Amino acid sequence: MGFIDRQDAGVQLGMACQRFSGEHPLVLGLVRGGVPVALEVATALHAPLDALGVRKIGMPGNPELALGAVSEGDVVTIDRNMQAYAGINDAAVQTMTAEARQVLQARMQRVRRSVALLPIRGRTVIVVDDGIATGATMRAALETVRARHAGRIILATPLAAPRALEVCGPLADETVWLLEPTGFGAVGAWYKDIPPTSDEAMVELLVRQRTAVPQPSRENPSTAISQTVAIPIEGPLKLNAELVVPEGAKGLEVFAHGAGSDRM
C-alpha cells in the first residue's frame with residue numbers, strides 16, 4: 001500500500017487535515033519534495049502556502065542517510081549518536097554543515113525572488129513533507145517554526161517511520177500521518193512515481209497557488225514579513241533579532257533592548 005505520486009499523497013493528506021480549516025492555517029512545504037504535497041493540503045483547506053528551507057546533512061559516503069539538517073532559520077540538528085557511531089569528528093560536521101547551509105541559502109534566494117516569505121507568528125502552521133525517514137529535516141523544520149513563534153504547530157506527512165514520529169512528534173502540538181510502515185526503508189519506496197522536484201518546478205507551484213488563493217490586503221498588518229536573523233558583531237559573537245517588515249513599508253525602525261532585558 002502506498003501512493004501514486006505526491007499529488008495523490010497530498011490530496012489524501014488534505015482530507016485528513018480538514019479539521020484544521022477553521023483555524024485559518026498557513027501551510028509550509030519542506031523544500032523541495034514537500035511543496036507538491038503541501039500544495040494539495042493548502043488547496044483542500046483554502047489556505048496560503050509557503051516553502052520552508054531545510055537541507056539534509058548527509059553521511060560521508062552515503063549522502064541519502066541523514067546525519068542532521070540545517071534550516072533557513074539557521075537551526076542545525078545533528079544526530080550525535082550516529083556521529084559517534086560513524087566516527088565523524090566535530091570539525092568534519094562543521095564543514096558539512098557549512099556546505100549544506102551554502103546550498104540552502106542559494107536555493108532560498110531563488111525562491112524569495114519570486115515568492116515573499118509569509119508571516120508565521122501567532123498562526124496555526126501545518127508543516128508538510130512527502131515522508132519522514134529519520135526525522136532529521138523535519139526536526140529542523142519544526143524547531144525553526146517554533147523559533148518564529150507560531151501559535152500552533154501541526155506536523156503532517158503521508159508516511160513516517162515509527163522512530164521518526166517518536167523524534168518529531170513531541171516538537172509539534174499535533175501530528176497527522178497516513179502510513180506508519182514498520183519496514184520503512186526509503187520514502188520513495190512507498191510511491192509509484194516520485195520524480196525529483198526541481199527548484200523551478202517548486203517556485204512555479206508556489207506562484208500558481210499564491211495567484212489562486214486570495215492573499216491578505218496590504219492594509220492588514222498580518223502581511224508583515226517576519227524572520228529570525230543573526231547579525232555578526234565581533235569575532236564569533238552574533239546578535240539574534242527578529243526582523244519584521246510590513247509589505248509596502250517606507251521606513252525602518254530598529255529597537256535595541258538594554259543589557260539583561262529579554263529581546264522579545
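Colleague: In what order do the five strands of the open sheet with parallel pairing run?
Modeller: This is a predicted model. Its five-stranded sheet is open, and the pairing is parallel. The edge strands are E2 (49-52) and E8 (174-179), each pairing on one side only. Read across, the order is E2-E1-E6-E7-E8.

Colleague: By what angle are neighbouring strands of this sheet turned against each other on average?
Modeller: Direction is ignored here. The average turn between neighbours is 25°.

Colleague: How many bridges join E7 to E8?
Modeller: E7 and E8 run parallel. E7 covers residues 152-159, with Thr 157 among them. The number of bridges joining E7 to E8 is five.

Colleague: Which residue in E8 is the bridge partner of Thr 157?
Modeller: Thr 157 is found in strand E7. Its contacts beyond four places in sequence include Val 176, Trp 177 and Leu 178. The bridge partner in E8 is Trp 177.

Colleague: Is Thr 157 buried or exposed?
Modeller: Buried means under 20% relative accessible area. Thr 157 has a value of 0%. Thr 157 is therefore buried.

Colleague: Which backbone oxygens lie 3.3 Å and 3.1 Å from a polar atom of the Thr 157 side chain?
Modeller: The cut-off for a polar contact is 3.5 Å. At 3.3 Å the backbone oxygen belongs to Asp 129. At 3.1 Å it belongs to Leu 159.

Colleague: At about what angle to E8 does helix H1 run?
Modeller: H1 spans residues 6-16. This helix lies across E6 (124-128), E7 and E8. Leu 13 is one of the residues touched by Thr 157. The angle of H1 to E8 is about 135°.

Colleague: Which strands does helix H2 touch?
Modeller: H2 (residues 34-45) packs on the five-stranded sheet. The direction of H2 makes about 165° with that of E1 (26-30). The strands touched are E1, E2, E6 and E7.

Colleague: Which are the edge strands of the three-stranded sheet?
Modeller: That sheet is open and antiparallel, in the order E3-E4-E5. Each edge strand pairs on one side only. They are E3 (54-59) and E5 (76-78).

Colleague: Which residue of E5 is the bridge partner of Ala 69?
Modeller: E4 (residues 62-71) and E5 run antiparallel. Three bridges join them. The partner of Ala 69 is Thr 77.

Colleague: What angle does the direction of helix H5 make with that of E4?
Modeller: H5 (residues 136-147) packs on the sheet and touches E3, E4 and E5. Helix H4 (residues 90-112) lies across E3, E4 and E5 too, at about 145° to E3. For H5 and E4, the angle is about 5°.

How values were computed. Residues numbered from 1 in each chain as written. Predicted model: local features only at pLDDT ≥ 70, side-chain atom pairs only at ≥ 80, totals over all residues. Heavy atoms only, no water. Pairing = 2+ DSSP bridges. Helix = DSSP H or I, 4+ residues; strand = E, 2+ residues; numbered from the N terminus. Contact = heavy atoms within 4.5 Å. Axes fitted to C-alpha atoms, helices over the stretch in contact; angles between N-to-C directions. Buried < 20%, exposed > 50% of the residue type's maximum accessible area, 1.4 Å probe, protein only. Polar contact = N/O pair within 3.5 Å; in protein donor to acceptor, adjacent residues only side chain to side chain.
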